[in-house]
Amino acid sequence: MRFTRMRRRTANVTMAALVAVPLALAGTASQAHAQDASPGPSGTFGPGCAALSQKTGTVRDRVVEAAAAYPQLSHLVSAAVRAHLNGTLDGKPGITVFAPDDQAFQTMTVSQLASLLADQGKLKKVLTYHVVDRQITPAELSHGSFTTVEGGKLTTSGSGTEFKVNGKANIVCGNIKAANATIYVIDAVLQPPS
């Protein structure tokens, strides 16, 4: 009798294990699938976020004032003021700015930069090519195609936390929030299609 009870207990434990293992594996598989289906990062992301001297409270500032809080965007802010775009950009609700950092402007030759800054019409065209008239979420960056305020097309590609704009510029810090904009800091100055 004792042997029979022991055999039953062993059988029950074995059955419980046989049922539990596939259930646990199914749970793990569905969690892994859910993680794979993740639409993208939800906060700020990118290798350059740590290098940016992030200020608190920029979420309450309009886009140009928010960008001015980051010393690494000083060339962009100066260019926007020079092109008389600060009021226009601050007045637009729900925009996205692909903001070239100071290093992006420094990769231009001296003559290219001087030519760009000397021609207000050209400067305005280049800067508005970096602006999309709606807020773009990180989930939309993997295969995005957007019409810019300038009127040209801009594309985004990538996955995880590594994205490119027009196959050229890297997003070094993304999803920075301002009162009327989402800012993606990039490492190149984009040129609108001619």
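How many of the 194 residues in the protein are buried, as a percentage? Buried residues make up 37% of them, where buried means under 20% relative accessible area, exposed means over 50%, and partly exposed lies in between (1.4 Å probe, protein chains only).

Before we look around, a word on the model. This is a predicted model, in which local features need pLDDT of at least 70 and side-chain atom pairs count only at pLDDT 80 or more, while totals for chains, interfaces and linings use all residues. Residues are numbered from 1 along each chain as its sequence is written, and side-chain values use heavy atoms, with hydrogens and water left out.

## The overall plan

The protein has 7 helices and 7 strands. Helices (H or I, at least four residues) and strands (E, at least two) are DSSP runs, numbered from the N terminus. Read from that end, the elements follow the order α-α-α-α-β-α-α-α-β-β-β-β-β-β. Of the contacts in the protein with a separation of 6 or more, 63% are between residues 24 or more positions apart; contact here means heavy atoms within 4.5 Å.

## The sheet

The 7 strands form an open sheet with mixed pairing, in the order 2-1-7-6-5-4-3. At its edges are strand 2 (131-132) and strand 3 (143-147), each of which pairs on one side only. Two strands count as paired if DSSP finds at least two bridges between them. Here are some of the pairings:

| Strands | Sense | Bridges |
|---|---|---|
| Strand 1 and strand 2 | antiparallel | 2 bridges |
| Strand 1 and strand 7 | parallel | 6 bridges |
| Strand 6 and strand 7 | antiparallel | 4 bridges |
| Strand 5 and strand 6 | antiparallel | 2 bridges |
| Strand 3 and strand 4 | antiparallel | 5 bridges |

Individual residues show how these strands line up. Thr-96 has Val-132 in strand 2 as its bridge partner, and Ile-176 stands opposite Ile-183 in strand 7. Towards the other edge, His-143 is opposite Ser-157 in strand 4.

Hairpins make some of the links. Strand 5 (residues 162-165) and strand 6 form one with 3 residues between them, and Asn-166 in that turn has a positive phi of about 55°. Beside this turn, Val-165 has Ala-169 in strand 6 as its bridge partner. A further hairpin joins strand 6 to strand 7, again through 3 residues.

How enclosed is strand 6 (residues 169-177)? With 7 of its 9 residues buried, it is largely enclosed by the rest of the structure. Strand 1 is also largely enclosed, because 6 of its 6 residues are buried. Both of its faces are covered: Ile-95, Val-97 and Ala-99 are buried on one side, and Thr-96, Phe-98 and Pro-100 on the other.

## Aromatic rings

A search of the whole structure finds 3 aromatic pairs. Rings of Phe, Tyr and Trp (its six-membered ring) pair if their centres lie within 6.5 Å; planes under 30 degrees apart count as stacked, over 60 as edge-to-face and the rest as tilted. Why is the pair of Phe-45 and Tyr-184 tilted? The planes of their rings are at 55°, with the centres 6.4 Å apart, so the pair falls in the tilted class. This pair links distant parts of the chain: Phe-45 is in the loop between helix 1 (2-36) and helix 2 (63-68), and Tyr-184 is in strand 7 (residues 181-186), 139 residues apart.

Tyr-184 also forms a stacked pair with Phe-98, 5.5 Å centre to centre and 20° between the planes. These two are 86 residues apart, with Phe-98 in strand 1 and Tyr-184 in strand 7, and they are bridge partners as well. Phe-45 is buried at 4% relative accessible area, Tyr-184 is buried at 0%, and Phe-98 is buried at 0% too. Together, Phe-45, Phe-98, Phe-163 and Tyr-184 form one aromatic cluster.

## A buried acid

Just past strand 1 comes Asp-101, in the loop between strand 1 (95-100) and helix 5 (102-106). Which side chain of opposite charge is nearest to Asp-101? That is Lys-168, 12 Å away, and the buried Asp-101 has no salt bridge. Lys and Arg count as positive and Asp and Glu as negative, with His and the chain ends not counted; a salt bridge is a side-chain nitrogen of Lys or Arg within 4 Å of a carboxyl oxygen of Asp or Glu.

A polar atom of the Asp-101 side chain does lie 2.9 Å from the backbone nitrogen of Ala-104. Not counting residues up to four places away in sequence, Asp-101 touches Gln-72, Leu-73, Val-172, Val-185, Ile-186 and Asp-187.

Terms used. Polar contact = N/O pair within 3.5 Å; in protein donor to acceptor, adjacent residues only side chain to side chain.
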